[in-house]
Amino acid sequence: MLYEPGASAPRNIIPLSVPEIQGNEWRYIKECLDTNWVSPAGQFVDRFEREVADRVNSKHAIATVNGTAALHIALLVAGVDADDEVLVSTLSFIAPANAIRYVGAWPVFIDSDPDHWQMDSNKAMEFLDKQCQWQDGVLINKTTSRQIKAIIPVHILGHPCDMDPIIDIARKYNLKVIEDVAESLGAKYKNRMVGSIGDISCFSFNGNKVVTAAGGGMVVTDNKSMAERARYLTTQAKDDEVEYIHNEIGYNYRLTNIQAAMGCAQMEQLDDKVNAKRRIFAAYSEALSNCPGITPMREAEEWAFSVYWMYTVLVEENIYGIDSRALMARLTDASIQSRPLWQPLHCSPAHAGWVQNDCPIAEKICRNSLCLPCSVGITEGEIARVVHIIKGIRE
Ligand SMILES: *Cc1c(COP(=O)(O)O)cnc(C)c1O
């Protein structure tokens, strides 16, 4: 079984990934309790927003109750309406596709690149070039007659998407770019912070992310009017604070000061956590480099600085001897948690029933994938235990 982030695992079990609470969390949260600032307003909310914006090199940040809410707001702010379409990575946690449906729009799933597993910009370009056309100044999907409005590159597993071609595509076809940075805070693309490249970006501070606020999210953008609209929509679209006048339907998507306090304490540890994740990556990759049939995740050296949020390998059954799910079972027998990547979204029953592109690469990556224990606090001895099982199967 998988332990929820935060639950402490029984002794000897190596959990997949649990939060690491090492800094000022107790102190800052106590400060909220002592001062009675517990609800969705307060200095920690402002400070958390400032710190994330500064870290990402962006002008504005709006804290939200979680990353999925951030995506919902970003889509609204980007002008995505009911019956529009939005391109999104198929190999992703389900949140961005669900958020697209919350606004009544439809996802168009784009396959992964085989080397780094991120959205394949060539496939996105091919879809737009061949399956869409301009009609009265708007871009229409020829099959569905719906308008294409935006593209959501999801930077999965701590690694950036190849953004230059995605930005080129967006310019050519007049699409808004919404970066999903939930798994990749701290990652860089050609020395630019991921989350500062598109029009608007979304972050998550769920318990299993690189830094956590015990749940939370953030919308980040350089665009002042987008930021103001995001703030407005997350606070019930309140137009008059005294008379409580609301001209539109908004949402209560604000983050509490207590959670922001936790987020501030965790942000202070971001560099340490990223360094730990990169050390874990290096230790596993070195130990598994001579294990035939096991291919560790890689960094696109020309353009990526990855934070390696979740250490993942591909298992090639015909070389390794058993498949990824059988290896998962062996690890479970040894009290080691592991997990495959998400079912690609074009295969998801939740998103079935409308026109889809083929995405064979993502299907293959998912089939072969296994995420290995990689908590920031994992010890060398624990990594050695995992490696011992993986290598032992071939001996
Ligand atoms: C975790 C995650 C989200 C959503 O974040 P929540 O805070 O759990 O709502 C969105 N996108 C991706 C890719 C994620 O991994």
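**Group meeting: a walk through the model**

Okay, let's start right after helix α2, where Asn-57 follows with a positive phi, near 65°. Helices here are DSSP runs of H or I with at least four residues, strands are E runs of at least two, and both are numbered from the N terminus.

Quick housekeeping. What you see is a predicted model, so to speak of local features we need pLDDT of at least 70, side-chain atom pairs count only at pLDDT 80 or more, and totals for chains, interfaces and linings use all residues. Residues are numbered from 1 along each chain as its sequence is written, and side-chain values use heavy atoms, with hydrogens and water left out.

Back to α2 itself, residues 43-56. At 1.5 Å a residue, its 14 residues should span 20 Å, and the end C-alpha atoms are indeed 20 Å apart, which agrees. That expected span is 1.5 Å times one less than the number of residues. Which residues of α2 are buried? They are Phe-44, Val-45, Phe-48, Glu-49, Val-52, Ala-53 and Val-56. Seen down the axis, these buried residues of α2 fall within an arc of 165°, so they line one face of the helix. By buried I mean under 20% relative accessible area; exposed is over 50%, and partly exposed is in between, with a 1.4 Å probe and protein chains only. The arc is taken from the directions from the helix axis to the C-beta atoms.

Now α13, residues 380-392. Its 13 residues should span 18 Å at 1.5 Å a residue, and its end C-alpha atoms are 18 Å apart, which agrees. In α13, Ile-383, Val-386, Val-387 and Ile-390 are buried. They cover an arc of only 95° around the axis, which puts them on the same side of α13. As a reminder, an α-helix has 3.6 residues a turn, so residues three or four places apart point the same way. What covers the buried residues of α13? The cover includes α9 (270-288), β14 (294-296), α10 (317-320) and α11 (324-333).

Two single residues next. Ser-92 sits in the loop between β2 (84-89) and α4 (95-102), and it counts as buried at 1% relative accessibility. Leaving aside neighbours within four places in sequence, Ser-92 is in contact (heavy atoms within 4.5 Å) with Val-154, Ile-156, Trp-342 and Leu-345. Ile-258, in helix α8 (residues 257-267), counts as partly exposed at 26% relative accessibility. With the same neighbours within four places left out, Ile-258 touches Ile-29, Cys-32, Leu-33 and Val-38.

On to strands, which pair if DSSP finds at least two bridges between them. β4 (residues 132-135) and β5 (residues 138-141) pair antiparallel over four bridges, with Trp-134 partnered by Leu-139 in β5. The two form a hairpin with two residues between them, and Asp-136 in the turn has a positive phi of about 50°. There's also an open sheet of three strands in the order β9-β8-β15, with antiparallel pairing. Its edge strands are β9 (192-193) and β15 (304-305), each pairing on one side only.

Last, the ligand. Of the 16 residues around it, which come nearest? Thr-68, Asp-180, Glu-183, Ser-204 and Lys-209 do, where being around it means having a heavy atom within 4 Å. An oxygen atom of the ligand is 2.5 Å from a side-chain N or O atom of Thr-68. For Asp-180, a nitrogen atom of the ligand is 2.7 Å from an N or O atom in the side chain.

Definitions and conventions:
Polar contact = N/O pair within 3.5 Å; in protein donor to acceptor, adjacent residues only side chain to side chain.
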